[in-house]
Amino acid sequence: MRVVVVGAGVIGAASALALARAGAEVVLVDRAGIAAETSSRCEGNVLVSDKGADPAVRPEAELAIASNAMWRSLALELDAERGDGPATELEAKGGVVVAFPQGAAPLTAFAEGQRSIGIRAEVVDGAALRALEPHLSPEVELGVHYPDDAQVQPSLATQSLASAAMRRGARLVLAEVTAARMRGGRIVGVETTSGAIDADAVVLCAGPWSGEAAARLGARLDIRPRRGMILVTTAMRQRVFHKVYDADYVGAVGSADAQLQTSTVVESTPAGTVLIGSSRERVGFDDRPALAPIEAIAAKAVRLFPFLAETQLLRTYAGFRPYAPDHLPVIGEDPAVPGLFHASGHEGAGIGLAPATAELIAHHVLGSATALDPAPFLPGRASLAEVAA
Amino acid sequence: MSRRHVVVLGAGPAGLAAAVAALEAGARVTVLDEGERLGGQYWRHHEAITDRRLQHGWERFERSRDRIAAGIAEGRAVLLQRAAVWRVDVEPLRLHALVGKPDAPGRRRVVVRGDALVLATGAHDRALPIPGWTLPGVTTAGAAQALAKRDGVTVGTRTLVAGAGPFLLPVAQSLAIAGARVVEVLEASRLPRHAAGWTARPWELAAAAGKGLELAEYARSLLGQRTPYRTGSGVVRILGERRVEAAVVARLDRAWRPIPGTEREVACDSVALGHGFTPRLDAAIQAGCALTEAPPGSPRFVVADPDQRTSVDGVWAAGEITGIGGADAALAEGDLAGRSAAGTPHAALAAARRRRDRTDAFARRLEAHAIQDGWSSWLEDDTLVCRCESVEAAAIVRASGSASRALRLATRAGLGACQGRTCGSSVEALCGERLGLDARPLLAPMRIGELLGGSEATA
């Protein structure tokens, strides 16, 4: 069975690996190369801390818990395969979500819900909080420690997933997909700028461009970009030890508000730089460095870690996060185009959710076994149709 | 008379000429420059220390400086020095700057609004990586000259000057006047090609009169020191334990590959490297100006129309960012850009255009000194290419084979403190691909705290 995977970001690369492992002949197609867009313009989050237990979002929380566990074994495997250096730079450093005085009650309630679905979330204050993060502002009174939060170096991890797929026979084609090849109402391949590729199934993993790509393939999918901006400092002595963020983060990701929203996410990288994110804006595919989000992120970061005021900012970057109207990933066969499978809409969580998404894709396309529940993410789900209509 | 407010970024020859021309045309003018003193790299100086023999066209500098001072007195000019412009918006036109000593707290955050912008951001001098080039005693030719001109200081007592292009000559002269012994000047371009470039059109050399005289002067000063000037030669390795003790020099073929068997050791305690210039494009890129096409590692330039307009409405460009052409070209382009930006119609600019066109000959001759691909063959696996992040040549070459641009960025080459300003072109040449290292969202580093608390606006 031959499967064309469109898009060589983290979702496409992980899906290509899962499909190749299950015995499919995989052709990975991308117009710009591996990890050329969203997967190289993000923080590499593998989080459980930002996943809530509310019924509407609980399926994603469960997917994140499973995926978080998968990343750990996957990283070891990829390291072993590569042999000459880290393949993902997985750092299981844990996360600390903090609240300023007025935000303590909602945060502890949120964490209680998380614990009820199996997320480790320990409320810390006073000395325990300072022991975790000694340079936090004295204004911060309370935090929740999430030992399972982790991060990978996203471009490296994506490259390693793609390389592992290629070692199992997957082929990379650098071309842009222009149209579907259809026979008897079923997709049987794609037309590309480098010629046609026949396939038994097509998996669309084009991130924020998935809506546009779906239209070229005769399908309808409401995936839109949300811009996220990240600030990078010069390398310095390590003073931030976890992923540290304020409790607004959850609101920003889940919100339907088009306007600029920010919440501080501060973390150190192995290179010694500090990454400070992140804003969420609906501005289409505008990647010009905007001033307002940079100022807003800076202000919040300094409120969290006052020492940051004196640190040198080196650059900023922007990436587009793909989101669906109901803010859940879209994973499964297109209801109108048999043979076409979607895997996108992961918003800011694509890196973290990639292994579980890939397992679901192998399940949908090849019938591989999975313990995950595919139902909440199907493209034909009611919440997607209602909002999109 | 113009009623426009012309904002000029950069106060080297191009920027000063633009500011003066815009004032002459009646415009209001604001000049922003990162330096402590006007003049840019070309007229880098110190009021008390600088030896006038190191300056060329100094009267022109003084006239420009005085004209701007008069503009300030009339209330038509504003000069912001030590202004680090970190962001350029064009719709509407706004330059965001931090004004004050870069390392001191309390820089003022300023936003300058205007009707027209003249970009005159100049160029960095470029040094190709060479085994041993990180030893103390190795500098760029531009840094060596700046020290000599501004501070009267030399980088050593026996200096080897190597690279490509006529800029090596004033560097050697500056070092000699400041008291160093210049042991050799090595020009990588081969003699036949080099000579053709400089002498095939002698009438053009005569037309660029100032330039011809300058070069003759340099030649005389080298002769006086008995300094050999060798073409088709370059430094291929720098030797020393704690600092420079000697350099290995070799003949280079037309592609700048070292010719085996021609290596010889030259004793020296310092090496000044200059392989041409990299235009400072980041402000133009942020403004959205169209650039020329060029292979990775070769410079691109801002596309300018006959009146120095860029592809972006309300933005002009002059000087080295539109093509490396030296100070005479920069002055003529700045003059034209300043007049045009102030609103002088195309028809009234014919004389300014002719003055600008006469300087093209010198710029064309510089093409004979363009960097050739063979330079990478003198690298060794462990030669540092990106010094900020300590990235070796082999790591960049390894990553260049993959389909992932992200992976090439994962080597961190070009991502350190200098943000690729020093190594970007070399990294892109080794990758065989443009990585976008010169597209910088922040045009200058700043403290995070400097983003807080709003800014002061100047109209």
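## Close-ups of chain B and its meeting with chain A

Thr139(B) stands opposite Ala272(B) in strand E16(B). This is a predicted model, in which local features need pLDDT of at least 70 and side-chain atom pairs count only at pLDDT 80 or more, while totals for chains, interfaces and linings use all residues. Residues are numbered from 1 along each chain as its sequence is written, and chains are lettered from A and ligands numbered from 1 in the order in which they are written.

**View 1. Strand E16(B) and its two partners.** E16(B) covers residues 270-274; strands here are DSSP runs of E with at least two residues, helices are runs of H or I with at least four, and both are numbered from the N terminus. On one side, strand E9(B) (residues 138-140) runs parallel to E16(B), joined by 3 bridges. Strand E10(B) (residues 158-163) is also parallel to E16(B), with 5 bridges, and here Ala162(B) stands opposite Leu273(B). Look at which way the residues point: Ser270(B), Ala272(B) and Gly274(B) go one way, Val271(B) and Leu273(B) the other. In a regular strand the side chains alternate between the two faces of the sheet. Either way they point, these residues of E16(B) are all buried, that is, 20 or more other C-beta atoms lie within 10 Å of their own, with C-beta atoms placed from the backbone (12 or fewer would be exposed, and in between partly exposed).

**View 2. The whole parallel sheet.** Pull back and E16(B) turns out to belong to an open sheet of 5 strands, in the order E9-E16-E10-E11-E12 of chain B, with parallel pairing. Two strands pair if DSSP finds at least two bridges between them. E9(B) and E12(B) (229-231) are the edge strands, each pairing on one side only. Neighbours in this sheet are turned by 20 degrees against each other on average, direction ignored. Over by E12(B), strand E11(B) (residues 181-187) contributes 3 bridges to the parallel pairing, and Glu187(B) stands opposite Thr231(B).

**View 3. Helix H4(B) across the sheet.** H4(B) lies across E10, E11 and E16 of chain B, running at about 175 degrees to E11(B). Axes are lines fitted to C-alpha atoms, for helices over the stretch in contact, and angles run from 0 to 180 degrees between N-to-C directions. H4(B) spans residues 168-178, and 9 of its 11 residues are buried, including Leu168(B), Pro170(B), Gln173(B) and Leu175(B). Just past the helix, Gly179(B) takes a positive phi of about 115 degrees.

**View 4. Helix H14(B), covered throughout.** All eyes on residues 424-431 of chain B: 8 of the 8 residues in H14(B) are buried. Among them are Ser425(B), Glu428(B) and Cys431(B). Right after H14(B), Gly432(B) has a positive phi of about 70 degrees.

**View 5. Where chain A meets chain B.** Here 31 residues of chain A are in contact with 22 residues of chain B (contact: C-beta atoms, placed from the backbone, within 7 Å). On the chain A side, H5 (154-167), E8 (171-174), H8 (291-304) and E17 (312-323) each give two or more residues, and H8(A) supplies the largest share, 7 residues. That side divides into 19 nonpolar, 9 polar and 3 charged residues; Ala, Val, Leu, Ile, Met, Phe, Trp, Tyr, Cys and Pro count as nonpolar, Asp, Glu, Lys and Arg as charged, and the others, Gly among them, as polar. Strand E17(A) is joined by 2 bridges to strand E21(B) (residues 446-447), and the two run antiparallel. There, Gln312(A) stands opposite Arg447(B).

Methods. Two residues are in contact if their C-beta atoms, placed from the backbone, lie within 7 Å.
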